[in-house]
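Visitor: Hi, could you walk me through this one? I'd like to get a feel for the fold.
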Amino acid sequence: MRRFTRASGGWVADRGSRQPGRGAYLCSAKCAERVAKNKRYPGLAASAAEFLKTSSDMLN
Ligand SMILES: [Zn+2]
């Protein structure tokens with residue numbers, strides 16, 4: 001599972017799960033697709049997709 005935190009520039013992967021602020025948890029690419037429809041997390045799916053391009057450790 002990967003935590004994403006909403007920062008000023010958008011969503012960022014929180015590797016240590018220690019960053020303050022509103023966070024969202026994604027456990028897979030499918031998860032990202034699901035939250036894409038959730039209006040509470042605007043932009044999260046796009047940021048998660050970007051993250052997945054450079055990392056595969058979400059898929060466990
Ligand atoms: Zn999930």
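Guide: Happy to; we can start with the overall layout and then go into the sheet, the second helix and the core.

Visitor: Great. What secondary structure does the chain have?
Guide: This is a predicted model, and its chain has two helices and three strands. Along the sequence they follow the pattern β-β-β-α-α.

Visitor: And in what order do the strands sit in the sheet?
Guide: The order is β2-β1-β3, in an open sheet with antiparallel pairing. β2 and β3 are at the edges with a single partner strand each, so one side of each has no neighbour in the sheet. On average, neighbouring strands are turned by 35 degrees against each other, direction ignored.

Visitor: How many bridges join β1 to β2?
Guide: Five, and the two strands run antiparallel. One pair to look at is Arg-3, whose bridge partner in β2 is Asp-14.

Visitor: How many bridges for β1 and β3, then?
Guide: Four bridges there, again between antiparallel strands. On that side, Arg-2 stands opposite Leu-26 of β3.

Visitor: Staying with β3, which residues are on its covered face?
Guide: Ala-24 and Leu-26 are on the covered face, while Gly-23 and Tyr-25 are on the uncovered one.

Visitor: Switching to α2: which of its residues are buried?
Guide: In α2, which spans residues 44-54, Ala-45, Ser-47 and Ala-48 are buried. Those three lie on the same side of α2, because the arc they cover around the axis is only 160 degrees.

Visitor: What's on the face turned away from that buried side?
Guide: That face carries Lys-53 and Thr-54, which are exposed.

Visitor: And what covers the buried residues of α2?
Guide: The cover includes all three strands, β1, β2 and β3, as well as helix α1, residues 29-35.

Visitor: Which residues make up the largest nonpolar core?
Guide: There are eight: Phe-4, Trp-11, Ala-24, Leu-26, Ala-32, Tyr-41, Ala-45 and Ala-48. β3 and α2 each supply at least two residues of this core. You'll recognise Ala-24 and Leu-26 from the covered face of β3, and Ala-45 and Ala-48 from the buried residues of α2.

Visitor: Nice, that ties it together. How much of the chain is buried?
Guide: Buried residues make up 17% of the 60 residues.

Visitor: Last one: what share of the contacts joins residues 24 or more positions apart?
Guide: That share is 32%, counting contacts with a separation of 6 or more.

Definitions and conventions:
Residues are numbered from 1 along each chain as its sequence is written. This is a predicted model: local features need pLDDT of at least 70, side-chain atom pairs count only at pLDDT 80 or more; totals for chains, interfaces and linings use all residues. A residue is buried if 20 or more other C-beta atoms lie within 10 Å of its own, exposed if 12 or fewer, and partly exposed in between; C-beta atoms are placed from the backbone. Two strands pair if DSSP finds at least two bridges between them. The arc is that of the directions from the helix axis to the C-beta atoms. Two residues are in contact if their C-beta atoms, placed from the backbone, lie within 7 Å. A nonpolar core is a set of buried Ala, Val, Leu, Ile, Met, Phe, Trp, Tyr and Cys residues joined through C-beta atoms within 7 Å. Axes are lines fitted to C-alpha atoms, for helices over the stretch in contact, and angles run from 0 to 180 degrees between N-to-C directions.
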